[in-house]
Amino acid sequence: MVSVLIVNTQSLQRLGLRMLLGAEPGLTVVGETASGAEAVRLARTLRPDVVLIDAHVSGTDGLDTVRRIAHPAHPSPAPHPRILVLAPPGHERHANAALRAGATGFLSEDATPDELTAAVRDMAAGEAVITPALTQALIDAVRRQDTVRTAGRDVGLDTLTGRERDVLVAVASGWSNAEIASRLSIAPTTVKSHVSHILTKIGARARVQAVAFAYESGLVHPAA
């Protein structure tokens, strides 16, 4: 059973999300709140698999809430919840900041119910939510930089094997594990192993952060 904590400023939206997720087999809502500070407390005490958080929670800055949940002051050996940020359409430009704060997924509020429930399931299973808008936002963030910031990242890139670089490029291109396996002629389990090693070597917690790393390190270049 995948447990979800809902963090949203609007009571009607919280109700709708609770009804939607609660009606799905294998999903359960273990808590909800409109407060960022309360979200941090509930994430620590309830230990949900996924935190579904509004981009603008009350009582504190949304990015700070994401950061405090992803990087608790008193870490525990238990796995941290995976954080899915739900933002209004057009706010994809904030995706890079959300990922840096510790989010592991970013979805627009205009996503369909099926897309939302699929995203929650995927994240609980260890996958990332990389929508076309999110990938484009990461590319745009790199384009806006005067100089790609490679300081401190070359070391991580240098530790990757040739095959791991191939897999990272594929991940940054938005390919699924099945597509990577097919195109590189390797087993899906091998892809998962490579992705896990890549995340460890570059110090990332999720695939979406690996995408940002691929562009910022210069391994992948945004198309003109």
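**Internal cavity, surface pocket and helix packing**

About 40 Å³ of space lies in the largest cavity of this predicted model, and a search of the whole structure for cavities of 30 Å³ or more returns one. The lining of the largest cavity is made up of Leu168, Val171, Val195, Ile198, Leu199, Arg207 and Ala210. Two or more of these lining residues are given by each of helix H8 (162-172), helix H10 (188-202) and helix H11 (207-216), and the largest share, three residues, comes from H10. In terms of residue class, the lining of the largest cavity comprises six nonpolar residues and one charged residue, with no polar residues.

The packing of the helices that line the cavity was examined next. H10 and H11 pack with their axes 10 Å apart and at an angle of about 65°, and the crossing of H10 past H11 is left-handed. On the H10 side this contact is made by Val195, Leu199 and Ile202, and on the H11 side by Arg207, Ala210 and Phe213; by class, these residues divide into five nonpolar and one charged, with no polar residue. Within this set, Val195, Leu199, Arg207 and Ala210 also belong to the lining of the largest cavity.

H8 and H11 pack with their axes 9 Å apart, at an angle of about 105°. Because angles of 65 to 115 degrees count as roughly perpendicular, H8 is described as roughly perpendicular to H11. H8 contributes Leu168, Val171 and Ala172 to the contact, whereas H11 contributes Arg207, Ala210, Val211, Phe213, Ala214 and Tyr215. The residues of the contact of H8 with H11 comprise eight nonpolar and one charged, again with no polar residue. Leu168 and Val171 of H8, together with Arg207 and Ala210 of H11, take part in this contact and also line the largest cavity. Arg207, Ala210 and Phe213 of H11 appear both in the contact with H10 and in the contact with H8.

Turning to the open sites, the largest pocket has a volume of about 480 Å³. It is lined by 20 residues, of which Ala43, Arg47, Pro79, His80 and Pro81 are the closest to its centre. At least two residues of the pocket lining are supplied by each of helix H2 (36-46) and helix H3 (62-70), and H2 gives the most, with three residues. The lining of the largest pocket is mixed in class, with ten nonpolar, four polar and six charged residues.

The two helices named in the pocket lining also pack against one another, with the axes of H2 and H3 lying 9 Å apart at an angle of about 15°. Because angles under 35 degrees count as roughly parallel, this arrangement makes H2 roughly parallel to H3. The crossing of H2 and H3 is right-handed. In the contact, Gly36, Ala37, Ala39, Val40 and Ala43 of H2 meet Thr65, Arg68 and Ile69 of H3, and these residues divide into five nonpolar, two polar and one charged. Ala43 is therefore found both in the contact of H2 with H3 and among the residues closest to the centre of the largest pocket.

Notes
Residues are numbered from 1 along each chain as its sequence is written. This is a predicted model: local features need pLDDT of at least 70, side-chain atom pairs count only at pLDDT 80 or more; totals for chains, interfaces and linings use all residues. Side-chain values use heavy atoms; hydrogens and water are left out. On a 1 Å grid over the protein atoms alone, a cavity is a set of points where a 1.4 Å probe fits but cannot get out, and a pocket is an open set with protein on both sides within 12 Å along at least five of seven lines; lining residues have an atom within 4 Å of a point. Grid points are joined across faces, edges and corners, and a volume is the space filled by probe spheres set on the points. Helices (H or I, at least four residues) and strands (E, at least two) are DSSP runs, numbered from the N terminus. Ala, Val, Leu, Ile, Met, Phe, Trp, Tyr, Cys and Pro count as nonpolar, Asp, Glu, Lys and Arg as charged, and the others, Gly among them, as polar. Axes are lines fitted to C-alpha atoms, for helices over the stretch in contact, and angles run from 0 to 180 degrees between N-to-C directions. Angles under 35 degrees count as roughly parallel, over 145 as roughly antiparallel, 65 to 115 as roughly perpendicular and the rest as oblique. A crossing is left-handed if the near helix is turned anticlockwise from the far one by less than a right angle, and right-handed if clockwise. Contact means heavy atoms within 4.5 Å.
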